[in-house]
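Please open the structure in your viewer and keep the selection tool at hand. The stops below are meant to be taken in order, with a pause at each one to look around.

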Amino acid sequence: MTYGPARALPGDQIRITTNPDTEPFWQAAREGKLTACQCGECGHFRMPPTAICPECGSRAKNWPTLPGTATVFSYAICNKNPKNGEDYVYVPVVVDLDGAPGTRLNANVSGCDAEDVHIGMKVSVDWTPIQDGWVLPNFKA
Amino acid sequence: MAWVNQDKCAIVGVGATDYYVRGKSWPRTINDMAAEAIMNACADAGISHKQIDGFSYYSTAGAGYLDKFDTASLMETLGMPHISWSATLTSGGGGCPGAIGLATAGLMNEDCTYTVTLMALQQLPQHRLGVVFGAAAPNPENSFLQPSGLVGPGHLMSVLARRHMHLYGTTQDAFGEVVMATRANTHNRPKAVRKDPLTKEQYDASVMLADPLRRLDFCLETDGAVAVITTTMDRAKDCRHKPAVVHAAAHGGQREWGRAFAWMGMPDPHFASSGHKFTADRVWAQSGLSAKDMDVALIYDHFSPMVLMQLEDYGFCEKGEGNDYVLSGKLRYDPATGKGVNGGVPVNTHGGNLNEAYIIGMTHIVEGVEQVRGTAINQVKDAEFALVSGGPASLPVSSLILRKD
C-alpha cells in the first residue's frame, strides 16, 4: 500500500506524567539528552524506569547519555489521528536503543514515506515538544 | 504429574443474554444483563440462583474495562442469601478460562458449593475497549506508550504480527484464513453478529486499521453478558446436563512476556508470540495431554494473528510454522464429517470473538462446555477434550481443558 510521508503525532495533543522513578528520563529529554535507566550496581539496563534492578535488586541508578540512535524492531502503519479521527499517517515504532542493550522505546518515526519504514532500519532521535513543557523522544529516518 | 484437582469439578450451567452490537444494549444496565446471564446459567444447571454462594471473576472483576462488578450489588439484585467465596484473577481478559481454575480453588477448599464466573459489558461511546489505552489518563507507565499513538489493543497486536511476519515469513493471507475459517461456523448460529460467508476478496477489501491488520482482523465490539456455573463433581451429577469436567486449568505467564502490551520489551522469540507458552506447558503437564489430543480448540481471537501465534505456543504446530498450518485449512470444521480438515483440530466452532460475539472470552468457555456435552450447534464428532484459551493480553493469560464425562 502507498501511504506517503510519515509524520509524528502532533505534540500539542500529547501529555505525559512522571513519578520519581521515571522523572530523570524526562528531565534528560528536556535537555535534549536521550538516556535509559541503568543499574548503578550491575550495569543492567531497564526501560521504562522502575524502582529496583530486576537483575540484582539494587536501587542505585545511572542515567548515561546514549548516542541517540536506534534500530526499528517492529512497527505498524496507522492512518487516523487517534485524538480526532482525522486522516493522519503515522508510524508507531518499537525501537532498540543503541548503547543500552535490551531497552526499547515506543515512538513515531518521520522523515520518510510510511511504506519505506522497515525492521532493522537505523533511526536517530528527533525531539517533539509536548504539553506542559516536556519533550518527547521520537525518531527520524 | 497429574493435577491434584483433575476431574474433581465441572461446569454445569451456561447462560447468556442476547448479543448486541456495541452500545445497543442500552437502556439495559450492566447488572440487569449480568443477572439474566446468571439466571439463565442456573436454569441450565437446574439449580436456583439463590444457591450460588461463590463468585470467581477475572479481569479484576471488571465488567468491560470501565465498569466493575460488585458482589454485594449482585447479591442484592438476585436475592442471594449469603456468599462464602468472592475472588478474582487480576489484569484483563486473559484470565477468562483461568477463572474456572479459580472456581475450582474455591470449591476444593470447601469455601463454596456453586460458583459463578461471568462477564457483562456495555460499550457505550465512552467505554469502547478499542480505544481503552488511548482514552486512559496519562500515568507514569503509559507515558512510555500512549504518545506513540498505539492507542488500542489492535495497534499493539499489529506490531507483534509485523515481527512475526518478519521472522517467519508469515503472510496476511494466513490472517485472512483465520477469519474466513471461523466465519464459516456462524451461518447456522442464531445469535451470531456476523453470519455471511466471507470471501478472500471481501477480506482483502477490508480497510487497513493498523497495517498489517485490517478491520476484519479485529474482533467484534459487542454488548451482552455470559455466565457459567462451576461446582464439584458430586453435585454435578444432580444437575440437568452432563458435566463438562474441569480436567486442567492454569493461569500465569513468564517475565519475558511480562508487561507485553504496555512496554513492548519482550525479547525474541517471545515478542512475536501469544505469551501462552507458559500456561500451555502447564496444562499439558497437568493433563499429560498435548495439542494432538484435543478434539476442538476454542482459541481467544481478539485479533486474527494471535490465533496463529497461540496455535504455535500450544504446539498445534512448531514455532514459526503457523502460517503454513493455517493456510493448509487445519482450523476448519467440516460439517459433513463432524471433524477437522487435513488432520487439523477445528478452531472456534462457534465463530469466536471475530464473528459470533465478543464477551471477553466467555463464549469460548460456553462452546467448550457444549462440545463436551455433545450439544454444540457445530458439534465435533465424539468430542472428548476441548481446549479453551484466554488472552493474549497482559498477564495472567490462561488455559483450560474441559473433558467429556
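The tour goes from chain A to its contact with chain B, and then to a helix of chain B.

Before selecting anything, bear in mind that this is a predicted model.

**Chain A as a whole**

Select chain A and colour it by secondary structure, which comes to one helix and ten strands. If you follow the chain along its sequence, the helix is followed by the strands, in the pattern α-β-β-β-β-β-β-β-β-β-β. Turned along its principal axes, the chain has C-alpha atoms that fill a box of roughly 50 × 35 × 20 Å. For 141 residues, a compact globule would have a radius of gyration near 14 Å, and the 16 Å of chain A agrees with that. Buried residues make up 40% of the 141 residues in chain A. Among the contacts in chain A with a separation of 6 or more, 59% are between residues 24 or more positions apart.

**The side of chain A that touches chain B**

Now show both chains and select the contact between them, to which chain A gives 27 residues and chain B gives 25 residues. On the chain A side, look for strand S4 (69-75), strand S5 (77-80), strand S7 (92-97) and strand S8 (104-110), each of which supplies at least two residues. Of the elements on this side, S8(A) gives the most, with four residues. Colouring the chain A side by residue type divides it into 18 nonpolar, seven polar and two charged residues.

**A strand pairing across the two chains**

Keep S5(A) selected and add strand S8 (residues 208-211) of chain B, since the next stop concerns both. These two strands pair in the antiparallel sense over two bridges. Which residue of S8(B) stands opposite A:Cys78? Zoom in on A:Cys78 and you will find B:Ala210 opposite.

**Helix H10 of chain B**

Finally, move to helix H10 (residues 277-287) of chain B, where eight of the eleven residues are buried, so the helix is largely enclosed by the rest of the structure. To see the buried residues of H10(B), select B:Lys277, B:Phe278, B:Thr279, B:Ala280, B:Val283, B:Trp284, B:Gln286 and B:Ser287. What covers these buried residues includes strand S11 (244-252), helix H11 (304-313) and strand S16 (397-404) of chain B, which can be shown together with the helix. End the tour at B:Gly288, just after H10(B), where the backbone takes a positive phi of about 70°.

Terms used
Residues are numbered from 1 along each chain as its sequence is written. Chains are lettered from A and ligands numbered from 1 in the order in which they are written. This is a predicted model: local features need pLDDT of at least 70, side-chain atom pairs count only at pLDDT 80 or more; totals for chains, interfaces and linings use all residues. The radius of gyration is taken over C-alpha atoms; the globule rule is 2.2 Å times the number of residues to the power 0.38. A residue is buried if 20 or more other C-beta atoms lie within 10 Å of its own, exposed if 12 or fewer, and partly exposed in between; C-beta atoms are placed from the backbone. Two residues are in contact if their C-beta atoms, placed from the backbone, lie within 7 Å. Ala, Val, Leu, Ile, Met, Phe, Trp, Tyr, Cys and Pro count as nonpolar, Asp, Glu, Lys and Arg as charged, and the others, Gly among them, as polar. Two strands pair if DSSP finds at least two bridges between them.
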